[in-house]
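Student: I'd like a close look at a single part of this protein. Could you walk me through it once we have it on screen?

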Amino acid sequence: MSGLFDRPRDPDPRTAPSSSAAPKTLPQGCKFCPTCGAKLVEYRHRLNRGLVTVLRRLHEAGGIAKLSDLGLTNSQWDNAQKLSYFELMVKHFRDGKRVGGTWEITELGRHFLAGEATVPGVAVTFRGERVRFEGKTVGVREVEGVAGYRQRRDYAGDATPVTGSEAGGEPPSEGGGRA
């Protein structure tokens, strides 16, 4: 009779070959790594409104911040690292060392928020690393359904001067006010 204890022991992680030593291509239909027994599955991550909110908060915090300082929901906190799959934010390093919990927005991330760049809509990962993109490229408008992230200079460029009564000169005539 076969039972749980009849199967071979899992390799000792201290002496087992590293995952980089495992073959990059496995037989078709293989569901578990023959070396370490890890589940072999790819995950698809879609860029969504919640992720863009995280990116926007990081930008508003000056571009470098700890996630814990951004006032994120549990879902946003748990999924924030997915922005790195799209190359919109990266882990922050100081003096060659990773600063725990701190991320920074990339140039691509800034341009994406400004509506000046697009990225693939889906990132496919395997064991925590992006292996490819899928789908059409999307901009902030497609993800949020609204215009791109605007900055003060954008509003200044779009400003329309007001004249006459709108500028505080004469009050609108009786019955002729604004609609």
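Student: Where is Glu87 found, in terms of the helices and strands around it?

Tutor: Keep in mind that this is a predicted model. Glu87 sits in a loop, the one that runs between helix H2 (74-79) and strand E3 (89-94). What makes Glu87 worth a look is its backbone: phi is positive, about 65°, even though the residue isn't a glycine. Most residues other than glycine have a negative phi. As for its surroundings, Glu87 has a relative accessible area of 39%, so it counts as partly exposed, between the 20% and 50% cut-offs.

There's a companion case at Arg127, also not a glycine, with a positive phi of about 50°. Arg127 lies in the loop between E5 and strand E6 (129-138), and at 44% relative accessibility it is partly exposed.

Now look at what lies beside Glu87 in the sequence. Phe86 and Leu88 are both touched by Leu47, whose contacts also include Leu83, Phe112, Val119, Gly121, Val138 and Val143, leaving aside residues up to four places away in sequence. That brings us to the largest nonpolar core, which has 25 residues; Leu47, Leu55, Leu83, Leu88 and Phe112 are the ones that touch the most other members. At least two residues of this core come from each of helix H1 (49-60), strand E4 (97-105), helix H3 (107-113), strand E5 (119-126) and helix H4 (140-144). H1 gives the largest share, five residues.

Technical notes: Residues are numbered from 1 along each chain as its sequence is written. This is a predicted model: local features need pLDDT of at least 70, side-chain atom pairs count only at pLDDT 80 or more; totals for chains, interfaces and linings use all residues. Side-chain values use heavy atoms; hydrogens and water are left out. A nonpolar core is a set of buried Ala, Val, Leu, Ile, Met, Phe, Trp, Tyr and Cys residues joined through side-chain atoms within 4.5 Å. Buried means under 20% relative accessible area, exposed over 50%, partly exposed in between (1.4 Å probe, protein chains only). Helices (H or I, at least four residues) and strands (E, at least two) are DSSP runs, numbered from the N terminus. Contact means heavy atoms within 4.5 Å.
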